[in-house]
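Visitor: I would like a close look at a single part of this model, the enclosed space inside it. Please describe what surrounds that space, and then place it in the rest of the structure.

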Amino acid sequence: MDDIVITGYGIKAPGILDKNSFLNVLEKGICTQSILHNDHQSHANIVAGIVEDSFLEINGVNYRRYPRSVRMAVAAALDASDMSKLHDFQPHRIAVIMGTSAGAILEIEQYAKDAFDLKKFPVHGVSLVDTHTLSNAVAEAIGSNGSAFTVTTGCTASLDAILIGKQLLESGTVDACIVGGTEAPLGQWTINGFKKIRSLSTETLIEKAGVPFSTQHSGFVLSEGAGVLVLERRQSANARGQKIYGKVERVISRNEGQKLLTSDISGRHMLDVFQETIGTTKPSYVNSQALGIDINDQIERLILKETFGNDVPITSIKGMIGHTFGAMGAMQIIASLLSMEYGFIPPTIKTTGHGFEDTPIVFETKYQAVESVCITTHGSSGNNACLLLTLT
C-alpha cells in the first residue's frame with residue numbers, strides 16, 4: 001500500500017497568516033492572544049485568540065454572505081492548494097473533508113433575533129445553519145467536484161477528516177484530498193457555554209490564561225482559525241516532482257461512549273488510542289492537546305508516562321495561539337511539519353510545569369533533528385484521536 005503524504009498546507013490563526021509567520025511564532029515561543037472585549041459587560045472580557053483579518057474578499061471573490069469559519073477555511077485551503085499544485089489533479093478526483101465544531105454559531109447568534117420575521121430573515125439563512133456549506137465552499141474555491149464531507153466530531157474533527165481522507169486515498173477512490181478544520185467560535189453562546197461548565201479561563205491577564213501543564217491555573221483560551229492540508233499518495237507526489245513535507249503514518253479515532261457532559265477521567269480510552277497509534281515508534285516528541293483543563297492535561301501526562309516514562313519530550317502550542325476546537329489538530333500537524341523541516345521542538349510557554357514536575361515538558365525551544373511526532377486531541381463530544389507523523 002502506497003504511503004499517504006502531505007504536499008501542502010495553509011493556516012489562518014491568531015497572529016498567523018502563512019508558513020513564515022507560524023514558523024516565527026513557534027520558534028520564538030510568541031503568545032499571539034489578546035483581550036476579547038464584551039461591549040455590554042466590561043467585566044466579562046476574556047483572553048482569546050483572535051484572527052484580525054475578515055476575509056470578506058479572497059482573491060477578488062466576494063465571500064460576505066459566507067460564515068466567518070468558512071471564509072477562513074477557504075483562504076487556508078487556497079494556500080494549501082497553491083503549495084501542493086493541486087491543479088495537477090482532475091477535479092472529480094479531489095476530495096474535500098473539513099471538520100468543525102462550532103460551525104456558523106457567530107452568524108446564527110447574529111440573526112437569531114430575526115428568525116421569526118420573514119422580511120428580516122437573511123436570504124442565505126439556510127446555508128448558515130447547513131454545516132456542509134463549509135466543505136462545499138472549499139470545494140468550489142479550489143475547483144473540486146469530487147467527494148465532499150463535513151465532519152462535526154468536536155475537537156478531534158480535523159484529525160477525523162484526515163483519517164477519512166487517508167482511507168479514501170488508500171482505497172483508490174480519489175487521488176488527492178483537502179483536509180482540515182476551521183472554527184470561529186468567539187460568540188456568547190460558546191463563551192457562556194464553556195464558562196458554565198467551568199472549562200474556559202476567566203483570567204484577564206494573558207500570561208495567566210490557558211496555561212498548559214499547571215495545577216496553579218485553570219481553563220483554556222478560546223481561539224479561532226483554520227488549518228488545511230493536502231494529502232496524496234507518495235507515487236503521485238514523486239511523479240509530479242512535488243515536495244513532500246511529511247507522511248501520515250497512522251491515525252486512530254475512537255469515541256468513549258459517555259453520557260452528556262461526562263468523559264473518561266481515567267484516561268484509559270486515550271491511552272489505548274495513543275499506544276495503538278504509536279505502535280513500535282518512539283517519536284521525537286509529542287505535540288500535545290494540553291490546553292489548561294486539569295483533567296485533560298493529567299491524561300496527557302498519564303499516556304506519556306505509561307508509554308515512554310521520561311524518554312520522550314512533550315510540548316503544547318496552546319499557550320501561543322489558544323485552542324481552536326476542531327481546527328486544532330490540523331494546526332498541531334502543521335506546527336509539527338515545520339518542526340521537522342527546520343529541526344526544533346517548539347516550547348510550551350506560560351507554564352513552569354507546577355504539578356507536572358515528573359513530565360518531560362519542553363519549556364524552551366529545543367533544536368534537534370525531528371524524525372516523527374505524535375499529535376494528540378480530545379473532544380468534548382467524547383472522541384479521542386491521535387496521529388503519527390513521520391519524515392519522508
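Guide: In this predicted model, the largest cavity is lined by P67, S69, V70, T100, G103, A104, S127, L128, D130, T131, T133 and L134. Three elements, α2 (68-84), α4 and α5 (133-142), give two or more residues each to that lining. By class, the lining residues of the cavity divide into five nonpolar, six polar and one charged. The space in the cavity comes to about 70 Å³, and a search of the whole structure finds one cavity of 30 Å³ or more.

One of the lining residues, L134, also belongs to a nonpolar core. This core has 29 residues, with Y63, V96 and M98 among them, and is separate from the largest one. As a general matter, nonpolar side chains in soluble globular proteins tend to be buried together.

The loop between α3 (105-111) and α4 (125-129) holds V123. V123 counts as exposed because its relative accessibility is 68%, and the cut-off for exposed is over 50%. The C-alpha atom of V123 is 44 Å from that of D294, a residue 171 places away along the chain.

D294 opens the range of α10 (294-308), and this helix, like α7 (188-196), supplies at least two residues to the lining of the largest pocket. The pocket holds about 1100 Å³ of space. Its lining has 43 residues, and the closest to the pocket centre are F194, I197, S199, S380 and S381. Sorted by class, the pocket lining has 14 nonpolar, 24 polar and five charged residues.

The largest nonpolar core has 52 residues, of which I162, L229 and I333 touch the most other members. Helix α12 (residues 328-342) gives the most to this core, nine residues. Leaving out residues up to four places away in sequence, I333 touches I6, L159, I162, L229, I375, L387 and L389.

L159 and I162 are among the buried residues of α6, as are A161, L163, L168 and L169. In total, 11 of the 15 residues of α6 are buried, so the helix is mostly covered. Helix α6 (residues 157-171) should span 21 Å at 1.5 Å a residue, and its end C-alpha atoms are 21 Å apart, which agrees. After α6 comes G172, with a positive phi near 85°.

Positive phi values also occur in residues other than glycine. F325 has one of about 50°. F325 sits in the loop between α11 (318-321) and α12, and counts as buried because its relative accessible area is 4%. L261 has a positive phi near 65°. L261 lies in the loop between β11 (246-255) and α9, and with a relative accessibility of 70% L261 counts as exposed.

Helix α9 (residues 268-278) contains H269. With 19% relative accessibility, H269 counts as buried, since the limit is under 20%. Apart from neighbours within four places in sequence, H269 is in contact with E256, Q258, D264 and N384.

Terms used: Residues numbered from 1 in each chain as written. Predicted model: local features only at pLDDT ≥ 70, side-chain atom pairs only at ≥ 80, totals over all residues. Heavy atoms only, no water. Helix = DSSP H or I, 4+ residues; strand = E, 2+ residues; numbered from the N terminus. Buried < 20%, exposed > 50% of the residue type's maximum accessible area, 1.4 Å probe, protein only. Expected span 1.5 Å × (residues − 1). 1 Å grid on protein atoms, 1.4 Å probe; cavity = no way out; pocket = protein on both sides within 12 Å on 5 of 7 lines; lining within 4 Å. Points joined across faces, edges and corners; volume = space filled by probe spheres on them. Nonpolar A, V, L, I, M, F, W, Y, C, P; charged D, E, K, R; others polar. Core = buried A, V, L, I, M, F, W, Y, C linked by side-chain atoms within 4.5 Å. Contact = heavy atoms within 4.5 Å.
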